[in-house]
Amino acid sequence: MASIFTKIISGEIPSFKIYEDENYFAFLDINPNALGHTLCVPKKEVDQVFDLDDDALSGLMIFSKKVAHAIKKAVVCKRVGISVIGLEVPHVHVHLIPINTMGDMSFDSKIQLTKDQFVEIMNKIKSYI
Ligand code: 5GP
């Protein structure tokens, strides 16, 4: 069965899309740790990040770098943290999270955004890609 992220990539499930290329897709996390929290996903459905072949893994990092630079310009933060978890969705994804402290990487603290706030930050990040 297709993963929820494959359904997002195909447009079957809506998302706040930031950017895509031939092989990767970036969209806002629906339950963000911070404003601008973005997921970068390979279009090819693989469960665990270190099962990606070398080209797919390096391509994902290069794609994530492009998105992270745009997030850094769009959100006031010290840096953009990167994390790979995958305990909830078994389809490789890189979390890009604007951070000011180590604690901002914690998945125990979440923020609530309205649809308008999602749209606003999506458009702002997109404008820097
Ligand atoms: P992980 O698999 O890395 O533990 O967490 C999966 C992440 O995907 C979570 O941060 C969660 O909020 C996000 N997520 C799960 N389902 C959806 C969805 O349908 N849309 C979006 N945009 N994010 C999702």
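In this predicted model, the shell around the ligand is made up of ten nonpolar, four polar and two charged residues. The shell thus holds 16 residues around the ligand, and those that come nearest are Asp29, Gly86, Val89, His93 and His95.

Polar contacts to the ligand involve both backbone and side-chain atoms of the protein. On the backbone side, a polar atom of isoleucine 30 is 3.3 Å from a nitrogen atom of the ligand. A polar backbone atom of glutamate 88 is 2.9 Å from an oxygen atom of the ligand. Histidine 95 contributes through its side chain: a polar atom there lies 2.8 Å from a ligand oxygen. On its own, the ligand has 510 Å² of accessible area, and the protein covers 89% of it.

The ligand takes up the space of the largest pocket. Two elements give two or more residues to the surrounding shell, namely helix 1 (4–10) and strand 2 (24–28). Helix 1 gives the most, with three residues.

The overall fold provides the setting for this site. The chain comprises three helices and five strands. Along the sequence, these elements follow the pattern α-β-β-β-α-β-β-α. The chain has a radius of gyration of 14 Å, close to the 14 Å that the globule rule gives for 129 residues, so it is as compact as a globular protein of that length. Taken along the principal axes, the C-alpha atoms fill a box of roughly 35 × 30 × 30 Å.

Key
Residues are numbered from 1 along each chain as its sequence is written. This is a predicted model: local features need pLDDT of at least 70, side-chain atom pairs count only at pLDDT 80 or more; totals for chains, interfaces and linings use all residues. Side-chain values use heavy atoms; hydrogens and water are left out. A residue is near a molecule or strand if one of its heavy atoms lies within 4 Å of it. A polar contact is a pair of N or O atoms within 3.5 Å; within protein, one must be able to donate a hydrogen and the other to accept it, and residues adjacent in sequence count only if both atoms are side-chain atoms. Accessible areas come from the Shrake-Rupley method with a 1.4 Å probe; for residues, only the protein chains shown count as cover. On a 1 Å grid over the protein atoms alone, a cavity is a set of points where a 1.4 Å probe fits but cannot get out, and a pocket is an open set with protein on both sides within 12 Å along at least five of seven lines; lining residues have an atom within 4 Å of a point. A molecule sits in a cavity or pocket if more than half of its atoms lie within 2 Å of its grid points. Helices (H or I, at least four residues) and strands (E, at least two) are DSSP runs, numbered from the N terminus. Ala, Val, Leu, Ile, Met, Phe, Trp, Tyr, Cys and Pro count as nonpolar, Asp, Glu, Lys and Arg as charged, and the others, Gly among them, as polar. The radius of gyration is taken over C-alpha atoms; the globule rule is 2.2 Å times the number of residues to the power 0.38.
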